[in-house]
Amino acid sequence: MSKKIILLAGPTASGKSKLAIQLAKKINGEIINADSMQIYKEFTVLSSRPIDREINNPKHHLYGIISVKKNFSAGDWLKLTKSKVKLCHSKKKLPIIVGGTGLYFNMITRGLSKIPSIDLSTRNKVRQLFKKLGYKNFYQKLINLDPKVKNEILPNDSQRAQRAFEVMIKTKKSLFDWIENTKSDFVNFEIKKIFIEVPRDMLLKNIFKRTELMFKNGCIQEVQKFNLLKLNKSLSANKLIGVQEINRYLNGLISLDECKEHVNIKTRQYAKRQNTWA
């Protein structure tokens, strides 16, 4: 049983959580969260986090453990995950790491690169440049700066593109040079990878149904409570799909139907990016 891990990935609304529960019950496993937004306590509905009665049978780890008030890095997640994997093995349980955050899975299979921290000034300059140029022109500028990006990052993957840009201008070294010199902490583990593929038409229907269910279950009220905390806009929780869209609705800038459609569009775009991790 020791030295084995299952990685269960797939696009949002593909049924990962349901499959993980079925699998854990069948093979005596426990589930470890690999979704960067389901980590937060304050977002249950909008992050589609498993409900309380699900997370105890089978046992779930790293769901709703961090306040949105705090910074939580990929390195923090890796440290906690290593601890939970060790705990599972000590109980003769098979760890099933499930979620939609590709960076987390890459850290399991490839390791965490030792990239020097990027200062806020550099990060803000890159973000401002991205807004000024738009994603297509920004991507072309990035390719000119770092040709190694071309076959590794899609033009519409704005988050990774900006990350690659800031690493290059700060360190004078490609993001992929840094990644190449990393080593996984799980190199001696037997890792089984499962990726859920869902026909596009079915996935779009699932996304639409999930959006409707989130609004029915109170995601607007969840964002209102989040707003009362008056957090710094740079904190990661602000990036959760639905936060900006619902705030535009609350501020009277769009209708409720438009809000839902914008959430659907953003979710579909995210699901498309997730498919590139297969």
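Start with the surface view: the accessible surface of the chain comes to about 15,800 Å², and 50% of that belongs to carbon and sulfur atoms. Keep in mind as you click around that this is a predicted model.

Next, colour by charge. You should pick up 53 positive and 23 negative side chains. The centres of those two sets lie 3 Å apart.

Now switch to cartoon and show the whole chain. There are eleven helices and five strands to find. The radius of gyration is 19 Å, close to the 19 Å from the globule rule for 278 residues, so the chain is as compact as a globular protein of that length. If you draw a box along the principal axes, the C-alpha atoms fill roughly 50 × 45 × 40 Å. Colour by burial and 45% of the 278 residues come up as buried. For a contact map, take pairs at least 6 apart in sequence: 75% of those contacts join residues at least 24 apart.

**Stop one: helix α6**

Select residues 158-171. That is α6, with 14 residues. From its first C-alpha to its last it reaches 20 Å, close to the 20 Å expected at 1.5 Å a residue. Turn on the side chains and look for the buried ones: A161, Q162, A164, F165, E166, V167, M168 and T171. What sits over them? Add α5 (120-145) and α7 (175-180) to the selection, since both are included in the cover of the buried residues of α6. Then step just past the end of α6 to K172, where phi is positive, at about 60 degrees.

**Stop two: the loop at A34**

Jump to A34, in the loop between β2 (29-33) and α2 (52-55). Is A34 buried or exposed? A34 is buried, with a relative accessible area of 0%. To see what packs around this residue, show W77, I97, V98, G99, G100, T101, Y104 and F105; A34 touches each of these, leaving aside residues up to four places away in sequence. While you are here, draw a distance to S73: the C-alpha atoms of A34 and S73 are separated by 12 Å, with their positions 39 residues apart along the chain.

**Stop three: two residues with positive phi**

Go to A13 first. Look in the loop between β1 (4-9) and α1 (16-27). A13 is not a glycine, yet its phi is positive at about 70 degrees. A13 has a relative accessible area of 15%, and the cut-off for buried is under 20%, so A13 counts as buried.

Then select L62, in the loop between β3 (60-61) and α3 (74-90). What is the phi of L62 near? It is near 65 degrees, again a positive value in a residue other than glycine. L62 is buried too, at 5% relative accessibility.

**Last stop: F208**

Finish on helix α8 (residues 200-216) and pick out F208. How much of F208 is left open? F208 is partly exposed, with a relative accessible area of 45%. Add E261 to the selection and draw one more C-alpha to C-alpha distance: F208 and E261 are 8.7 Å apart in space, though 53 residues apart in sequence.

Methods: Residues numbered from 1 in each chain as written. Predicted model: local features only at pLDDT ≥ 70, side-chain atom pairs only at ≥ 80, totals over all residues. Heavy atoms only, no water. Helix = DSSP H or I, 4+ residues; strand = E, 2+ residues; numbered from the N terminus. Rg over C-alpha atoms; globule rule 2.2 N^0.38 Å. Buried < 20%, exposed > 50% of the residue type's maximum accessible area, 1.4 Å probe, protein only. Contact = heavy atoms within 4.5 Å. Areas by Shrake-Rupley, 256 points an atom, 1.4 Å probe, with all protein chains shown as cover. Lys, Arg positive; Asp, Glu negative; His and termini not counted. Charge placed at Lys NZ, Arg CZ, Asp CG, Glu CD. Expected span 1.5 Å × (residues − 1).
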